[in-house]
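Student: Could you take me on a close walk through the side-chain contacts in this one, charges and rings especially? I'd like one connected account rather than a list.

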Amino acid sequence: MSSPRWLPLEANPEVMTKFVSSLGMKLSWQFGDVYGLDTVALSMVPRPVCAVLLLFPITEKYETFKQQEEERLKLQGQEVSKDVYFMKQTIGNACGTIGLIHAVANNLAHLEFEPDSAMKKFVELTCKMSPQERGALLEKDESIRVMHESSAQEGQTEAPSSDEKVNLHFIAFVNVGGQLYELDGRKPFPILHGKTTEDSLLEDASEVCKTFMARDPQEVRFTIITLSKES
């Protein structure tokens with residue numbers, strides 16, 4: 001049986017903020033664009049930042065790197081905190097929503113929710129599940145699917161059809177227990193990138209984003225979005 005496919009979500013902070021708001025997250029934290037990775041551009045981003053999302057192209061070079069990284073980490077291992085919330089992507093084109101869930105689920109201590117929040121309900125329901133089980137449950141979650149489809153049609157560019165092959169992918173970077181984790185539903189596990197703090201999360205995640213760009217220097221299809229506290 002083929003896996004379900006959703007419409008791709010645009011890398012648009014307004015659409016993302018509206019999406020999580022419609023799922024019951026209060027807007028004391030909002031998504032915003034990062035316009036560059038130099039010190040000046042990063043200093044313009046509202047603080048604190050609790051998550052960083054990266055949209056990047058899936059290229060041949062990246063797929064080769066991904067395979068090598070997986071083999072290396074399976075061999076040498078890594079200490080991933082049990083507090084990291086990670087889920088597998090089992091739905092085509094759902095990487096945007098999974099990136100948002102990763103950003104939100106790993107920041108429950110910071111974020112505020114409405115009493116009937118569908119997003120908080122999903123995270124609480126799946127907190128004891130395996131990454132695979134979380135992905136499978138998302139396939140059945142009608143409230144999130146409906147809001148995803150509605151948000152996917154709200155972007156500034158016309159949404160491609162759900163069957164169209166999209167080679168852009170969303171991942172999230174979060175701080176859990178003072179460690180920087182890359183959360184990518186296409187990978188078998190979270191990737192640990194070393195120490196970070198609440199104050200340095202954006203800078204530390206930006207350094208990892210630079211490695212994605214350096215791997216494909218001819219590519220320009222990179223977008224970085226933060227989840228920041230509104231002042």
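Tutor: Let's fix one term before we start: a salt bridge here is a side-chain nitrogen of Lys or Arg within 4 Å of a carboxyl oxygen of Asp or Glu. Keep in mind that we're looking at a predicted model. With that cut-off, searching the whole structure turns up ten salt bridges.

Take helix α7 for a start. E142 and R145 pair up there through their side chains, N to O at 2.8 Å. The two sit three residues apart in α7, which spans residues 142-152, so about one helical turn separates them. How buried or exposed is each partner? E142 has 42% relative accessibility and counts as partly exposed, and R145, with a relative accessible area of 27%, is partly exposed too.

Now hop over to helix α8, residues 201-215, where K210 and E207 lie three residues apart, again about one turn of the helix. Their side chains meet in a salt bridge with an N to O distance of 3.0 Å. K210 comes out at 35% relative accessibility, which makes it partly exposed. E207, at 44%, is partly exposed as well.

A third bridge to look at is the one between R221 and E219, whose closest N and O atoms are 2.8 Å apart. Here the partners fall into separate classes: R221 is partly exposed, with a relative accessible area of 33%, whereas E219 is at 18% and counts as buried. The reason E219 lands in that class is simply the cut-off, because buried means under 20% relative accessible area. Elsewhere, E69, E182 and K187 are joined into one network by salt bridges that share partners.

That's the charge side; on to the rings. Searching the whole structure gives four aromatic pairs. The one worth zooming in on is Y62 with F65: the ring centres are 6.3 Å apart and the planes stand at 45°, so the pair is tilted. To see why, recall that planes under 30 degrees apart count as stacked and those over 60 as edge-to-face, with the rest called tilted. The centre distance also passes, because rings pair if their centres lie within 6.5 Å. Y62 and F65 are both in helix α3, three residues apart, about one turn of the helix. Which of the two is buried, and which is partly exposed? Y62 is the buried one, at a relative accessible area of 1%, while F65 is partly exposed at 24%.

Y62 and F65 don't stand alone, though. Ring pairs link them with F56 and F212 into a cluster. And here the charges come back in: which rings does the charged end of R215 sit over? One is the ring of F65, with the charged end of R215 3.7 Å from its centre. Another is the ring of F212, where the distance from the charged end of R215 to the centre is 5.0 Å. So R215 ties in to the aromatic cluster through two of its members, because a charge sits over a ring if CZ of Arg is within 6 Å of the ring centre and within 35 degrees of the ring normal, and F65 and F212 both belong to that cluster.

While you're on helix α8, have a look at M213, which lies in that helix. At 27% relative accessibility, M213 counts as partly exposed. Its C-alpha atom is 25 Å from that of V80, a residue 133 positions away along the chain.

Two backbone spots deserve a glance before you go. Most residues other than glycine have a negative phi, and most peptide bonds are trans. Against that background, N93 has a positive phi of about 65°. N93 is in the loop between α3 (60-76) and α4 (95-105), and with 10% relative accessibility it counts as buried. The other spot is the cis peptide bond joining R47 and P48, with omega about -5°. P48 is placed in the loop between α2 (39-43) and β2 (49-57).

Key
Residues numbered from 1 in each chain as written. Predicted model: local features only at pLDDT ≥ 70, side-chain atom pairs only at ≥ 80, totals over all residues. Heavy atoms only, no water. Helix = DSSP H or I, 4+ residues; strand = E, 2+ residues; numbered from the N terminus. Buried < 20%, exposed > 50% of the residue type's maximum accessible area, 1.4 Å probe, protein only. Phe/Tyr/Trp six-rings, centres within 6.5 Å; stacked < 30°, edge-to-face > 60°.
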